[in-house]
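Take a look at the model below and let's walk through it together, starting with charged pairs and ending at a pocket.

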Amino acid sequence: MLLTLTLTQPAVSDAAQADPLQPASDLGFLLHKHPERVQTQTLSFGTASVFYPQVSAQCTTAALLLEVDPVALSRTARPGEGAPLEPYVNDRPYASGSFLAVALRDAFGTAFTGRSKDRQALADRALAFSVHLPCVTARGPEGLPERLFGPLGYAVQATPIPLDPLYPEWGERPYVELRLSGQIRLRDLLAHLYVLLPVLDGKRHYFLNEAEVDKLARHGTGWLDSHPERDLITRRYLRFAALVRQAEEGYSESHTAESGETTAALPRPRLHDERLQWVAEQVATSGASTVLDLGCGEGKLLRLLLERAQFRQLLGMDVSARALEIAARRLNLRERPELAARVTLLHGSLSYPDSRLKGFDAATLVEVIEHLEPHQIGPLTRHVFGDAHPGTVIVTTPNREYNAVFEDADKGMRHADHRFEWTRAEFGAWAGAAAEAHGYTLTLHGLSDTHPDYGPITQAAIFVRQKG
């Protein structure tokens, strides 16, 4: 299956507003894929290649070619689902749907965030994009592509593709050639495709769980709340009634100031989800392919990392055996052997040295250290930074000063299981000493809401091992 994405810039002679300093060939900076190279990555269900069939200052096209392995697909089919021959004879390797959405997220993961190291101003602008999908699965009511993409500002052209006009008894023709065009930011375009391609398809190639509700909230932020087909999108994206109810419970009521009418809106992602997403992006940016999630709990961060083919080996460790059992179930490690081959879950404690943690590119400790007794921080620091010594370490923890913002600030720490909480100065002192003692450079960050006096609600540190 194939998707082409074209950026068009007006010729300088044709439009006074044309910007010769930002040619269409800068699409490579926005997608983080070099126009002069073919870049291929292996996915659990096939291979995805990104290349540029056309590059010029006025018009540049990037192509995503996904080749699904039908043999591997038949081996991973769940017993009892679909017709008897469906695992062997189906449209999955050829018609764009959920497979392409996953490949899109893996291939252009950084572009999804809207970040561009060299062309941030361009990434923040609405640009003239067009998308061509030669074959898209569109099961559902007539005019579904127009109903989904039209309200988002796209010009939509959906041309039906017949199975065979000579044999009408073969049934419906759920395929269209789809063309979209509009003036839009790249990150918004990618989010629309990621959500709406599976909605058009009406089926998924993987098991659905509550993680899909979080994905819908995250990628639907800013557009799904006002979409006239929001309920249809929610039902078709999540499929199962329990997940749909969970998503609907997350909708909040807001009042428009102009008319006083009540409209449904998606809530802002929870702080915990924002934090995990930020950590996942930092790990990806580090270039790591092997990652430790220390204090992995029920595997929420591992689930985010598993979405990216970049991470070929993930190890989650936690002191709670029960949490690890939940993580294994939620990550579908028993049902999906291709995921189990990439993930190891270990029962262990950071208070003791562990040779199994050595040799990894990156390690994360997300809201972990505050659950330890103060006297355990020294051993943790030695074992993680000294013994395991990963290339990058990312740590997040609450900022105690921000607690003054909460109405129940007099009740102490944010969670009953926290053994301490650091101020910004205390966290910075610990991080600086750990970096200096074990050969790391340090950068400190604030996450999510920030108070002018008390600082960020969450504080974070990124340690990068010095070379040599």
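R356 has a relative accessible area of 39%, so it counts as partly exposed. Keep in mind that we're looking at a predicted model here. The partner to look for is D354: the two side chains meet in a salt bridge, 2.8 Å from N to O. D354 sits on the other side of the cut-off, because buried means under 20% and D354 comes in at 17% relative accessibility. So this bridge joins a partly exposed arginine to a buried aspartate.

Now hop over to D188 and R185, whose side chains also meet in a salt bridge, again with 2.8 Å between N and O. This time neither end is buried: D188 is partly exposed at 23% relative accessibility, and R185 is partly exposed too, at 26%.

For a pair with both ends tucked away, try E212 and K215, which are both buried. Their closest N and O atoms are 3.1 Å apart, and the two form a salt bridge. Why are they separated by about one helical turn? Both belong to helix α8, residues 211–219, and they are 3 residues apart in it, so about one turn lies between them.

Salt bridges can also link up into something bigger than a pair. R105, E281 and R308 do just that, forming a network. Searching the whole structure turns up 19 salt bridges.

Side chains of opposite charge can pair when their charged atoms come close. With that in mind, have a look at D318, in strand β11. This aspartate is buried but has no salt bridge; R322, the nearest side chain of opposite charge, is 11 Å away. What D318 does have is C296: a polar atom of the D318 side chain lies 3.4 Å from the backbone nitrogen of C296.

Strand β11, residues 313–318, leads us on to the second largest pocket, since it is one of the elements that supply at least two residues of the lining, along with α11 (271–285) and α12 (300–306). The largest share comes from α11, with 4 residues.

How much space lies in this pocket? About 980 Å³. The lining runs to 35 residues, and those closest to the centre are G295, V366, E367, V368 and H371. As for chemistry, the lining is a mixed bag, with 12 nonpolar, 12 polar and 11 charged residues.

Key
Residues numbered from 1 in each chain as written. Predicted model: local features only at pLDDT ≥ 70, side-chain atom pairs only at ≥ 80, totals over all residues. Heavy atoms only, no water. 1 Å grid on protein atoms, 1.4 Å probe; cavity = no way out; pocket = protein on both sides within 12 Å on 5 of 7 lines; lining within 4 Å. Points joined across faces, edges and corners; volume = space filled by probe spheres on them. Nonpolar A, V, L, I, M, F, W, Y, C, P; charged D, E, K, R; others polar. Buried < 20%, exposed > 50% of the residue type's maximum accessible area, 1.4 Å probe, protein only. Lys, Arg positive; Asp, Glu negative; His and termini not counted. Salt bridge = Lys/Arg side-chain N within 4 Å of Asp/Glu carboxyl O. Polar contact = N/O pair within 3.5 Å; in protein donor to acceptor, adjacent residues only side chain to side chain.
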